[in-house]
Every structure is written in structure tokens, then in C-alpha cells.
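Thank you all for making the time this morning. I would like to walk through one model with you, taking the ligand site, the charged pairs and a few individual residues in turn.

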Amino acid sequence: MPRIAYVNGVYERTSEAAVSIEDRGYQFADAVYEVWSVFDGRLADLAGHLNRLERSLSELHIAMPMPRTSLLVVLNEVVRRNRIREGLVYLQISRGVAPRDHVFPVDVRPSIVITAKPVDRETAARKAATGIKAISAPDIRWGRCDIKTVGLLPNVLAKQKAKEQGAGEVIFVDADGFVTEGGSTNVYIVVDGVIKTRSLTANILAGVTRLNLLPIIAESGIELREESFTLAEAKAASEVFITAATSLVMPIIAIDDHKIGDGKPGPIACALREVYIERARASAGV
Ligand code: PDD
């Protein structure tokens, strides 16, 4: 079955879909994006991603190309046309198409692209049961990582390096030795039974998975501290895990080939993954 994309008002085969060579997303990374997970054919953490999308757009002074209600119809239609039951939806909105000039063009319409792909939940569950390795890398990204832009070259290069070293994620470390976040995830550690994750004020992306995991942690009775931790603390932690719409809650079993705990997925990460998925599935589409 051919994959179907939505591009500026038209549903077409992904293999044939295209945007202009003068799209500012292509030329300047002047674009934002969102990724939703799909459970039972419905978008998970729907409102959280829409809220963050609106915030990213407003920080860049790009208008929402259509009202939320219309966008929802299109997102669901892309899921339906691709017959996705379990999967991911990708949305990208750029400032639009204009002759190349750094300053904002006037009277330009934002470009919008939506694609979807299936995810094999059984393979993902097996991966989570084994855990993944991570490497560390200096965080050389810009100072506005709170905006979800497509300017991801530092992330791409670091994640490629991770892959070449047999790891599945990169953990970024700032100039002071503190962990910021993952290449495409938020990072958490467990120390003496307390979960630590960097606070949102410190130049990281406000993960929607993080947003919805925090109340689950609170309910579990585990103490959570939103504070910075060093790479050394992470390596010495009893557990390390990451979150994102793509990986959900994923245990990290080694950083730079240094074993975390006993080198197996930790019980807290595994329990949180279960509850997160259960909740996300139950509330998908809302
Ligand atoms: N990435 N931090 C970074 C740098 C990210 O790119 C992401 C998500 C997250 C987690 O955000 P959320 O929980 O809302 O997915 C944190 C997406 C999934 C991606 O780039 O594919």
C-alpha cells in the first residue's frame, strides 16, 4: 500500500509529494515540527503536542496555517489513509516559500506537511526489555532548544556517531558537565530511589512524554526532582531512562560502555513504561 502524505491541502503518495526548493524549511531550517505516537489508530498526548506546536510557531512568529479543529481532521485523515493502528505521525510547518533572503518574507503562507508510518510494538517492547546503550557528546546546539525546530544537524551528527558505536541514543552534556537531554529524548536518572530530570528552564525541549510522565511518577510515590545532574552522576545512577513520542519510556543500560546498575533495564523505568503506555493508549485521541 503506498504511503500517503498531506502537503499544503493535498493528499498524495509520499513518493511523489514535494515542496518547493525555495521553501524556508529547506533553505534555513525555518520550520517547526511535532511527532505523535499513534495507539489504536488515535493520536496520543494530542493536546500536549498541539500546545507545544502553537508555542513553537508563536516563538518564531509563524501563523498556525489552519485552526486546531481543522488540523485535527487532517492529522486523523493521514492516519486513516495510511491505515495506521500503531505508529507515528510527523507534522512539519515552515514559514513558507519565498526567494532566498534571511529576513522574514511578507505575505507568505506557511507550508504544512504531514506523514505517518507504522510502528511494530512487539519489536519496540523487545527493545525496551533489553534496554539500549547511549554515548555522551558535547551539547553544541543553539540556545533555544525549547523551540521544536527542524534545525537538527547537531542531533543528527551525534545520533549517527552513537549508531556507529553500537548505541541507540546520544546524551548531550553542557559545558559545565551537566546532562541536558538526549539527541531526540529527555533524560532521567534514578539515584537512591529518587528520579532526577533536568528542569525545563535550562534550554531543553519540553517533552510531551515527560509532561505526561511526571504525574505518573507523582502517583507512584517516587520522589522526583527537576534538577540538573552531571554525566558522572548519570553513570553512577542505579537507572537511566529516556522518554519521547518515538521511544516512549526506554531504559538506558550503558553510557560510553560504562554499565548502568547491573547493565539491565531498571525496575522503575520498566514499570513507568508500562503505566505510560497504558495511559497514553487509554487517552489517545483526546
Ligand atoms: N523528538 N528532546 C528532544 C531534543 C527531542 O527531539 C524530543 C522528541 C524530545 C522528547 O519530546 P516528546 O516527548 O514530546 O516526544 C526531547 C522527536 C520524537 C523526534 O525528533 O523524532
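Before anything else, a word on terms: a residue is called buried when its relative accessible area is under 20%, exposed when that value is over 50%, and partly exposed in between. Please also keep in mind throughout that what you see is a predicted model.

With that definition in hand, let me begin with Asp40, which sits in the loop between β3 and β4. Its relative accessible area is 31%, and because that value falls between the two cut-offs, Asp40 counts as partly exposed. The backbone here deserves a look as well, since Asp40 has a positive phi of about 50° although it is not a glycine. A similar note applies to Asp256, whose phi is positive at about 55°, again without the residue being a glycine. Asp256 is placed in the loop between β14 (248-255) and β15 (258-259), and with a relative accessible area of 32% it is partly exposed.

Asp40 also brings us to the charged pairs. As a general point, side chains of opposite charge can pair when their charged atoms come close. How many salt bridges does the structure hold? The count is 22.

In one of them, Arg281 pairs with Asp40, and the closest N and O atoms are 3.0 Å apart. This pair links distant parts of the chain, given that Arg281 belongs to helix α8 while Asp40 lies in the loop between β3 and β4, with their positions 241 residues apart in sequence. Arg281, at a relative accessible area of 25%, is partly exposed, and Asp40, as I said, is partly exposed at 31%. The pair does not stand by itself, for Asp40, Glu86, Arg121 and Arg281 are linked in a network of salt bridges.

Another salt bridge joins Asp30 to Arg95, where the closest N and O atoms are 2.6 Å apart. Here too distant parts of the chain are linked: Asp30 is in the loop between α1 (24-28) and β3, Arg95 is in the loop between β5 (87-94) and β6 (111-118), and the two are 65 residues apart. Are these partners buried or exposed? Both Asp30 and Arg95 are buried.

For a pair with a mixed setting, consider Arg144 and Asp146, whose side chains meet in a salt bridge at 2.9 Å, N to O. Arg144 is partly exposed, at 31% relative accessibility, whereas Asp146 is buried, with a relative accessible area of 16%.

Against those examples I would set Arg273, which is located in helix α8, residues 267-283. Arg273 is buried and yet has no salt bridge, and the nearest side chain of opposite charge, that of Glu274, is 7.1 Å away. What does Arg273 touch, if we leave aside residues up to four places away in sequence? The contacts are Ala124, Ala125, Ala128, Ser247, Leu248, Val249 and Met250.

Let me now turn to the ligand. It is surrounded by 20 residues, of which the closest are Tyr33, Arg52, Glu181, Val208 and Thr209. Looking at individual polar atoms, an N or O atom in the side chain of Lys148 is 3.2 Å from a nitrogen atom of the ligand. A nitrogen atom of the ligand also lies 3.4 Å from a backbone N or O atom of Ser184, and a polar backbone atom of Val208 is 2.8 Å from an oxygen atom of the ligand. Taken alone the ligand exposes 470 Å², and the protein buries 91% of that. The elements that give two or more residues to the surrounding shell are β3 (31-39), α2 (46-59), β9 (179-182), α6 (208-220) and β13 (239-244).

Strand β13 is also where we find Thr243, a residue that counts as buried at 1% relative accessibility. Thr243 is separated from Glu181 by 62 residues in sequence and by 9.8 Å in space, C-alpha to C-alpha. Not counting residues up to four places away in sequence, Thr243 touches Thr185, Asn186, Tyr188, Thr209, Arg210, Leu213, Leu248 and Val249. With Tyr188 there is a polar contact between the two side chains, at 2.8 Å.

That is the tour I had planned, and I am happy to go back to any part of it.

Definitions and conventions. Residues numbered from 1 in each chain as written. Predicted model: local features only at pLDDT ≥ 70, side-chain atom pairs only at ≥ 80, totals over all residues. Heavy atoms only, no water. Helix = DSSP H or I, 4+ residues; strand = E, 2+ residues; numbered from the N terminus. Buried < 20%, exposed > 50% of the residue type's maximum accessible area, 1.4 Å probe, protein only. Lys, Arg positive; Asp, Glu negative; His and termini not counted. Salt bridge = Lys/Arg side-chain N within 4 Å of Asp/Glu carboxyl O. Contact = heavy atoms within 4.5 Å. Near = heavy atom within 4 Å. Polar contact = N/O pair within 3.5 Å; in protein donor to acceptor, adjacent residues only side chain to side chain. Areas by Shrake-Rupley, 256 points an atom, 1.4 Å probe, with all protein chains shown as cover.
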